[in-house]
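Biologist: I am new to this model. Please take me through one part of it closely, after a word on the whole chain.

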Amino acid sequence: MSYRNAQEIFPEGLLRQIQRYVSGETIYIPARNEKKAWGETSGYQRYIRERNEEIRTAFANGLTMEELMEKYALSYDSIKRIVYNRKETAMLKYSATLSSAKAYADAGKLDTWIHLYLNEEGRNIPFSDGLKLFDRYYFSPALFPIRLFNRCTGPEPDMKYQIDPDWWQQRVAVLENVIQTEPDLPPLIVHYVDGTFELNDGNHRHKAYENLGIENIWVIIWITEEAELDDFSAKYGTYVKDCKIIRR
């Protein structure tokens, strides 16, 4: 496997974008026609178990960490965790609920819950695929004031993603009833970037919570860059002081 200086390959603008996510590290870029490392979007949990078992078997048969990194397009830390940790998510019971998300977080598998949810329940596959492109920091579900988050989806003309007003109202009304009868709803998923919060998943629930006068909601915070992790911790660390932080 050969290595080249990115400055010799990428245009300056593209290089600056890449450096936003990784700088001073070796990264693996698969060939254009190479199969995605994460497999198909369905059957995610089974795929992860089978892939991890393959990796452990290959390591036991003599493949090095570096060879496994190249073959599976994973970081050294990810390969190391798989090889030396036999605790699999098969012991966890997945459901699209807050309690399930907390259980996965306690087991150090919050990212697995997120992808299962986005692929099987949340139906936000492009978001799931995007999260897999880089290692991220994930905070286990925590209570945050709803006032910190602004929707990006809705019928309003200034929304990034506009939805038909009638459909929006119907969906929000249904969720208001669900919230009042079912306390174990999944947490919202929020990205902290450039000092602000981006509400990635849960815009309908956010509006329903607001309509019901609920002031604090459960959210999962994810962050890409270490500098932004430090900024978030300085400003909002009190909300996550009892949370686990996982990097995947």
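Biologist: What percentage of the contacts in the chain with a separation of 6 or more comes from residues 24 or more positions apart? Then look closely at helix 8 and helix 9: at what angle do they pack?

Modeller: This is a predicted model, where local features need pLDDT of at least 70, side-chain atom pairs count only at pLDDT 80 or more, and totals for chains, interfaces and linings use all residues. Residues are numbered from 1 along each chain as its sequence is written, and side-chain values use heavy atoms, without hydrogens or water.

The answer to your opening question is 67%. Contact here means heavy atoms within 4.5 Å. The chain has 10 helices and 7 strands. These are DSSP runs, numbered from the N terminus: helices are H or I, at least four residues, and strands are E, at least two.

Now the pair. Helix 8 spans residues 165–181, and helix 9 spans residues 203–211. They pack at an angle of about 65°, with axes 8 Å apart. Axes are lines fitted to C-alpha atoms over the stretch in contact, and angles run from 0 to 180 degrees between N-to-C directions. That makes helix 8 roughly perpendicular to helix 9, a label for angles of 65 to 115 degrees. The crossing is right-handed: the near helix is turned clockwise from the far one by less than a right angle.

Which residues touch? Helix 8 brings residues including Trp-167, Trp-168 and Arg-171. Helix 9 brings, among them, His-204, Lys-207 and Tyr-209. By class, the contact of helix 8 with helix 9 has 7 nonpolar, 3 polar and 4 charged residues. Ala, Val, Leu, Ile, Met, Phe, Trp, Tyr, Cys and Pro count as nonpolar, Asp, Glu, Lys and Arg as charged, and the others, Gly among them, as polar.

Notes
Parallel < 35°, antiparallel > 145°, perpendicular 65-115°, else oblique.
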